[in-house]
Amino acid sequence: MKTDFIPIDYDYFDFENRNYVKIIGRNSSGKRICILDTCPIYLWAILKDRVKEKKIQELIKKIQKIKIKTRDRETKVEKVELHEKNFLGKPVNALKIFATNYKDLHDIADHLAFAEIEKRRGYDLGFTSHYVIEKKLLPLQWYEIEGEEVSNSQEFGGLCKVLDVDFCVYLNNHTMLKDQEFKPKVLAYDIEADEFKIGEGEILMVSLVSDNFNKVITWKKNGDVKADYIEYVKDEAELLESFIKNVKEISPDFLVGYFSDGFDLPYLKVRADKNKIKFSLGLDESQPRFYRGAIPTGKISGIVHIDLLKFIQTAYSQYMQSETLSLNEVAKEFLGDSKKDFKFQHSSKLEDHQWKKYFEYNLHDSVLNYKLFEKFWPDLLEFTRIIQEPIFDISRNGMSNNVEDFIIHNLNKFNEIPEKKPGHDDIVKRRERKPYEGAFVFEPKPGLYEDIAVFDFTSYWPSIIVTYNLSKSTFLEKKEKNSTEVNVEKKFYFTKKPGFFPQMLKEIIEKRKQYKAELKVKSDPIKTARSNAFKLLANASYGYQGFFGARYYCPEASASVTAIGRDLTKKTINQINKHDYTVIYSDTDSISFKLNKNPKKQALELLKEINSTLPGIIELDLEGFFKRGIWVTKRSGDIGAKKKYALIDENKRLKIRGFETVRRDWCNLAREVQNKILNQILEDGNEKNALKYFKEIVKKIKSREFSIEEFTIRTQLKKPLSEYKTISPHVIAAKRMNELDLPISSGTLVEYYIAETGKKDKLVRDKVKLPNEPGEYNIQYYLEHQILPAVENIFQVFNLETKEIIDGKRQTKLCDF
DNA sequence: ATATACACGGATCCCCTATTTCC
DNA sequence: GGAAATAGGGGATCCGTGTA
């Protein structure tokens with residue numbers, strides 16, 4: 001049969017010792033199709049230089065005879081071919097050694113201890129990656145496929161018969177089609193249970209949201225709530241059965257949750273086990289499979305289970321305003337919507353009239369999940385297409401994995417044999433490496449400045465990698481003729497013959513440029529996010545080379561990137577200073593400078609001039625013009641603080657970096673007060689109003705006019721309690737929570753405040769109280785350790801000693817101004 | 001489990017010295 | 001009067017959270 005087809009979910013199985021791929025997807029009329037296919041499996045044996053033809057032929061014969069007996073099966077080398085390939089950019093002779101099953105590749109590699117063989121590679125890729133590379137049937141791209149329909153056949157042990165799809169096809173050939181829209185079928189879900197620990201309590205309700213479909217399944221009939229979205233069932237067992245039934249009826253491509261890898265899906269599975277119900281969500285009636293990790297991963301056969309939290313974590317968290325990645329905050333930021341108001345209580349404590357709210361709350365969580373998926377779908381799609389791994393993995397992988405997968409799937413264009421993953425010993429050694437020197441940060445002179453321009457290099461590190469061809473495969477052990485020389489601690493040399501990694505990176509940078517251009521035409525949050533996501537992928541490519549787990553680890557390249565970057569930034573600073581401007585500050589790829597009464601147009605001319613001298617694809621861009629900006633001193637000493645500044649543009653929009661205002665581990669009041677003062681000073685151009693405001697605040701604090709919430713300090717636990725060497729206030733707070741049976745773990749955002757104790761406690765931690773513990777905020781602590789530190793350096797710019805305002809002394813210095 | 005380095009700043013830890021306390 | 005305990009100063013270290 002012939003049809004169009006878009007591959008969505010990839011899985012594989014063994015039949016008669018051979019690997020087969022099982023791809024679930026759709027055609028344009030919405031029919032669900034399963035494709036079965038196989039591909040040759042092989043590894044590479046890279047031969048040493050100058051092995052004679054005769055020797056090679058002998059070697060091939062020897063390898064062809066390899067037979068391996070493992071505990072459960074017998075296998076052999078199927079055939080051996082000689083190829084001319086590249087490895088790390090250098091031409092090599094390599095034997096392509098074919099096997100029956102990809103799981104045998106490791107064993108075969110172990111049997112290749114021949115003197116003629118230099119290295120063995122390509123045995124650690126995984127079958128799905130292998131298949132996609134071999135057959136180029138790429139995820140989420142449209143194809144015309146042709147093959148034999150096997151829907152009702154007994155082949156492969158009757159696999160197709162149990163599969164809940166419209167057609168099962170054994171693939172003969174496929175050609176890529178022009179892109180057309182694909183609107184996936186999405187089902188969002190969310191559960192509510194009494195206990196947080198997986199499977200400890202009963203599941204009270206589960207909500208499901210899809211296109212024109214809203215449902216809450218529950219067995220809690222308290223309050224007799226009537227609503228058309230509620231489906232009442234008898235008990236938890238029926239709830240689970242109804243959940244399975246609903247999923248099967250809707251038959252989504254994507255089942256979407258939030259933290260559902262770590263909560264909803266495993267919870268459902270454990271409760272199903274307890275109720276002796278087979279949790280057969282898969283299209284082949286299989287139960288979800290969980291893969292161990294810090295947080296388990298839940299895979300459902302044929303339906304892509306997406307945990308939005310994971311994708312947001314790797315792709316967006318760095319660029320978000322939200323301080324936590326809770327569904328509520330993320331929904332607020334991306335949807336302008338939030339969770340329904342409902343205070344969690346144990347169901348036994350709920351009164352009848354509260355249940356309606358609970359159901360609505362539960363339903364709305366799924367609504368948010370559904371909407372978030374819609375928001376992120378373009379991004380998931382782009383990431384999947386460019387990286388070429390199944391979306392299930394793309395949505396969960398960290399950035400290093402994404403970069404590496406991108407490389408792996410593009411190696412064939414360069415006739416490259418893949419490098420292997422580092423082994424345990426390599427990793428240990430790599431982790432001991434001293435950090436290489438990073439970016440250059442200019443020490444600012446504290447002060448309030450007027451009329452500022454900010455330039456920045458676009459995708460700085462990646463464009464240096466591309467321009468100077470810096471990577472593992474281009475790194476030279478010794479100086480060669482016509483090579484690039486980089487002065488780091490010693491001299492590093494790189495060939496000028498373009499390497500595959502820099503060339504691939506160029507593609508990512510171009511994508512990023514394209515999205516940024518679109519963003520400039522018309523901005524919306526998702527375009528911003530997408531542009532940032534590609535920026536992240538590009539920047540991660542730089543980090544990747546310095547990452548100990550990378551196949552293409554090359555700290556020499558990373559160190560060279562930053563060395564070149566430091567030089568170029570400094571050179572550009574000098575160039576700007578020479579043109580009658582004054583550089584105030586610079587960090588890595590950005591330079592802020594005073595216009596010194598020169599017109600903006602002139603600064604843009606300078607930008608053009610600089611750009612004409614920049615090498616390769618390196619480009620300097622205008623970040624913006626600003627009316628005023630403030631830089632302050634460090635808390636210790638009187639030198640200018642780096643990574644701390646605030647700017648205001650013509651439209652009174654603030655850009656605050658590094659200040660306590662943007663740090664979540666400071667109490668709200670300190671952050672608010674600092675924000676207002678920065679805003680006021682930058683708007684007014686002087687400190688008068690700000691100072692008046694500050695004095696009022698101090699008075700109010702002293703007369704206890706604020707509530708405890710304003711003083712709550714939030715700090716995240718970054719590891720298990722037992723691993724802390726220093727018992728800091730947030731550790732004490734966490735310990736207290738633990739005693740009260742409140743759930744804490746690595747990652748928990750601990751909240752506490754510093755209270756009056758009446759005693760002469762030396763340590764801050766002795767004054768810690770949890771938000772709901774009765775007490776009064778410690779006036780002295782908050783003034784001296786939160787409010788004052790937040791504003792002191794700002795007023796110091798105007799030669800004001802704020803300490804005296806707190807102590808209530810007369811303001812002598814004020815008159816001096 | 002894990003992209004990199006640079007940077008700030010609070011709180012505690014730890015060592016040393018000076019002072020106080022105890023017998 | 002001498003030894004032990006305590007206080008406090010200051011630098012080192014831990015820790016969380018930013019910027020790029």
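Biologist: What makes the pairing of the side chain of Tyr-645 with a phosphate oxygen of DNA strand C a polar contact?

Modeller: An N or O atom in the side chain of Tyr-645 is 2.5 Å from a phosphate oxygen of DNA strand C, and because a polar contact is a pair of N or O atoms within 3.5 Å, this pair qualifies. The model is predicted, so that local features need pLDDT of at least 70 and side-chain atom pairs count only at pLDDT 80 or more, while totals for chains, interfaces and linings use all residues. Residues are numbered from 1 along each chain, chains are lettered from A and ligands numbered from 1 in the order in which they are written, and side-chain values use heavy atoms, with hydrogens and water left out.

Biologist: Which backbone atoms lie by a phosphate oxygen of DNA strand C?

Modeller: A backbone N or O atom of Lys-725 lies 2.8 Å from such an oxygen, and one of Lys-718 lies 3.3 Å from a phosphate oxygen of that strand. Two elements, β27 (640-648) and β29 (713-716), each give two or more residues to the surface near DNA strand C, where strands are DSSP runs of E with at least two residues and helices are runs of H or I with at least four.

Biologist: Why are Asp-589 and Lys-719 counted as near DNA strand C?

Modeller: A residue is near a strand if one of its heavy atoms lies within 4 Å of it, and Asp-589 and Lys-719 are among the closest of the 19 residues that surround DNA strand C, so both are counted. By class, this surface has ten charged, six polar and three nonpolar residues.

Biologist: How do you know what part of DNA strand B comes within 4 Å of the protein?

Modeller: Of the atoms of DNA strand B within 4 Å of the protein, 86% belong to sugar or phosphate and the rest to bases. DNA strand B is surrounded by 33 residues, with Gln-318, Ser-400, Gly-438, Arg-635 and Tyr-781 the closest. A backbone N or O atom of Arg-635 lies 2.8 Å from a phosphate oxygen of DNA strand B, and for Arg-765 the corresponding distance is 2.9 Å.

Biologist: What makes up the surface near DNA strand B, by class?

Modeller: The residues there divide into 15 nonpolar, nine polar and nine charged; Tyr-781, one of the closest, falls in the nonpolar class because Tyr counts as nonpolar, whereas Arg-635, also among the closest, is charged because Arg counts as charged.

Definitions and conventions. A polar contact is a pair of N or O atoms within 3.5 Å; within protein, one must be able to donate a hydrogen and the other to accept it, and residues adjacent in sequence count only if both atoms are side-chain atoms.
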